[in-house]
Amino acid sequence: MSVLQTIWLIVRKDLTIETRSGEIAFTTLFFAISCILAFAFALVREGKPPEDGGAGVLWIAIMFSGNLALGRTFERERQSETLRALLLAPTSRPAIYLGKLLGLMALLTAAELLLVPLVAYFFQAPMFRHPVWLTVIVVTGTLGFASVGTLFAAMLVRARSRDMLLPVLLYPLTFPVIMAGVRGTTALLQPEVDYALLRFWVQLLISFDAVFITLALWTFEPLMTDEQR
Amino acid sequence: MLDFHEVAAENVSRDFGRRRALSRVSFQIQRGRILGLLGPNGAGKSTMLSVLATLMRPSSGRIRYGDLQHDSHRSQVRARIGVLGHDLFLYGELTARENLAFFGGLYSIHDRYGAATDALARAGLSDRADDPVSSLSRGMRQRVALERALIQNPRLVLLDEPFTGLDDVSAGALVARLEQLRAAGAMVVLATHDLDIADGLLDEAIFLRDGRVAQAIARPEGLRSIYRHVIGREAQ
């Protein structure tokens with residue numbers, strides 16, 4: 001079976017399960033929306049949001065809800081040890097990683113389709129003035145966060161304290177991605193967009209993605225082969 | 001497709017930190033044979049199965065699949081191994097047919113939905129094929145899980161406590177299926193505590209205790225008394 005076929009099988013399987021259970025989508029969405037509402041109530045005074053606050057709130061919501069989605073995605077694979085069944089198949093293990101990553105990206109992208117308009121509304125942020133640039137920033141930032149998260153969530157799937165360990169490992173490592181995402185989005189929301197600065201943050205995000213995904217593909221096979229009980 | 005006629009464990013040891021789960025375990029199994037791994041909890045049976053399944057590397061020693069070593073041609077070796085673990089390796093939200101078709105796809109089966117339909121017929125579950133696995137009884141799920149493990153027609157079949165939670169009828173059906181596999185030339189390695197069911201089914205029995213082979217017996221009869229004798233003697 002080709003790598004692409006394996007990736008497609010895994011993505012389709014994950015989305016089919018999610019369509020039926022709605023478990024990850026609903027918990028992630030409710031969490032992210034609550035997060036934005038809490039910030040809106042705390043920071044918006046007399047209808048006036050803090051300057052550039054929208055970018056920070058958007059990325060905090062993406063980061064926290066992404067962590068929640070990561071945990072739930074791999075909890076599902078742990079419940080009946082189906083991750084072991086995936087690892088037992090004669091498929092490329094990096095393809096398993098990519099399948100899980102793309103499934104997660106699909107879920108987070110769906111959540112972001114709701115989060116971005118909410119942030120735009122509550123924080124009066126002109127998110128849709130440059131939709132292509134916004135898409136590039138949000139997708140590359142989410143990919144960087146999810147690529148590291150997928151690797152760690154798979155590694156920790158059998159650890160007893162995985163719920164505590166995942167954010168402890170994930171947040172420090174993905175901090176540069178979140179920082180670049182916030183700064184890139186802030187640059188995009190300025191009345192006069194500084195395209196040189198914007199391009200710098202986007203290039204940084206793409207570089208992070210390339211490094212993180214390469215490292216994850218390289219390490220997934222050995223890390224998952226010699227699993228500990 | 002790669003094939004092999006025997007599998008041999010040669011002085012296999014496996015450590016978890018300072019704890020030694022397997023210590024210089026050796027045995028071999030040929031086509032058309034059922035080998036039982038017997039022993040108390042913590043004896044190393046599940047670890048041995050994980051090593052045979054290529055999920056774990058031995059700390060020392062080696063596994064041979066015919067002429068192939070455990071660390072070469074992993075993907076091709078895995079294509080010929082079927083595993084039924086403690087847990088069933090099934091997605092509860094998917095139907096029985098979707099589960100089998102998904103795993104059939106991972107094993108590059110050309111007509112994976114056709115293979116899934118045939119497998120469900122063998123399991124006697126054609127009428128429940130489109131029900132979510134979570135809605136099936138434990139015995140039915142076990143039958144689906146066994147067919148999942150066998151969907152790629154494996155040469156080596158590894159079963160970890162497959163009789164747990166099964167009623168007499170389901171256990172009898174599983175024994176019949178294992179006998180079919182033996183007749184078809186598969187190698188079956190069965191880790192179980194259920195000595196009454198295993199009695200008369202096994203061609204060879206390996207008794208493990210504290211990760212070591214306490215005794216190996218060909219054509220074992222009266223497993224319960226042998227078990228008491230071997231494991232009890234070791235404990236003294």
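**Notes on the A–B model**

1. Starting with chain B: 46% of its 236 residues are buried. Keep in mind throughout that this is a predicted model.

2. How does the overall size of chain B look? Its radius of gyration is 18 Å, and a compact globule of 236 residues would come out near 18 Å, so the two agree. Along the principal axes, the C-alpha atoms fill a box of roughly 50 × 40 × 35 Å.

3. On the fold of chain B, you'll find 8 helices and 10 strands. If you take contacts in chain B between residues at least 6 apart in sequence, 69% of them join residues at least 24 apart.

4. Now confidence. Chain B averages a pLDDT of 90, with 98% of the residues scoring at least 70. Which elements of chain B sit at the two ends of the scale? Helix H8 (residues 223-235) has the lowest mean pLDDT, 73, while H3(B) has the highest, 96. As a reminder, predicted coordinates should not be read in detail where pLDDT is low. For the complex, the predictor gives an ipTM of 0.87 and a pTM of 0.88.

5. At the interface, 25 residues of chain B are in contact with 23 residues of chain A. On the chain B side, helix H2 (74-78) and helix H3 (96-106) each supply at least two residues, and H3(B) gives the most, with 4 residues. Sorted by class, this side of chain B has 15 nonpolar, 6 polar and 4 charged residues.

6. Over to chain A, and helix H1 (residues 3-21). Does the length point to a straight or a bent helix? I'd just put it this way: at 1.5 Å a residue its 19 residues should span 27 Å, and the end C-alpha atoms are 27 Å apart, so the two agree. Just after H1(A), A:Gly22 takes a positive phi of about 65 degrees.

7. Which residues of H1(A) are buried? They are A:Thr6, A:Ile7, A:Leu9, A:Ile10, A:Lys13, A:Asp14, A:Ile17 and A:Glu18. These buried residues cover an arc of only 160 degrees around the axis, which puts them on the same side of H1(A). The general background is that an α-helix has 3.6 residues a turn, so residues three or four places apart point the same way. On the other side of H1(A), A:Leu4 and A:Thr19 are exposed.

8. What do the buried residues of H1(A) pack against? Their partners are helix H2 (23-43) and helix H5 (93-122) of chain A, together with H3 of chain B. That last helix is also the one that gives the most to the side of chain B touching chain A.

Conventions: Residues are numbered from 1 along each chain as its sequence is written. Chains are lettered from A and ligands numbered from 1 in the order in which they are written. This is a predicted model: local features need pLDDT of at least 70, side-chain atom pairs count only at pLDDT 80 or more; totals for chains, interfaces and linings use all residues. Two residues are in contact if their C-beta atoms, placed from the backbone, lie within 7 Å. Ala, Val, Leu, Ile, Met, Phe, Trp, Tyr, Cys and Pro count as nonpolar, Asp, Glu, Lys and Arg as charged, and the others, Gly among them, as polar. pLDDT is the predictor's confidence in each residue, from 0 to 100. The radius of gyration is taken over C-alpha atoms; the globule rule is 2.2 Å times the number of residues to the power 0.38. A residue is buried if 20 or more other C-beta atoms lie within 10 Å of its own, exposed if 12 or fewer, and partly exposed in between; C-beta atoms are placed from the backbone. The expected span of a helix is 1.5 Å times one less than its number of residues. The arc is that of the directions from the helix axis to the C-beta atoms.
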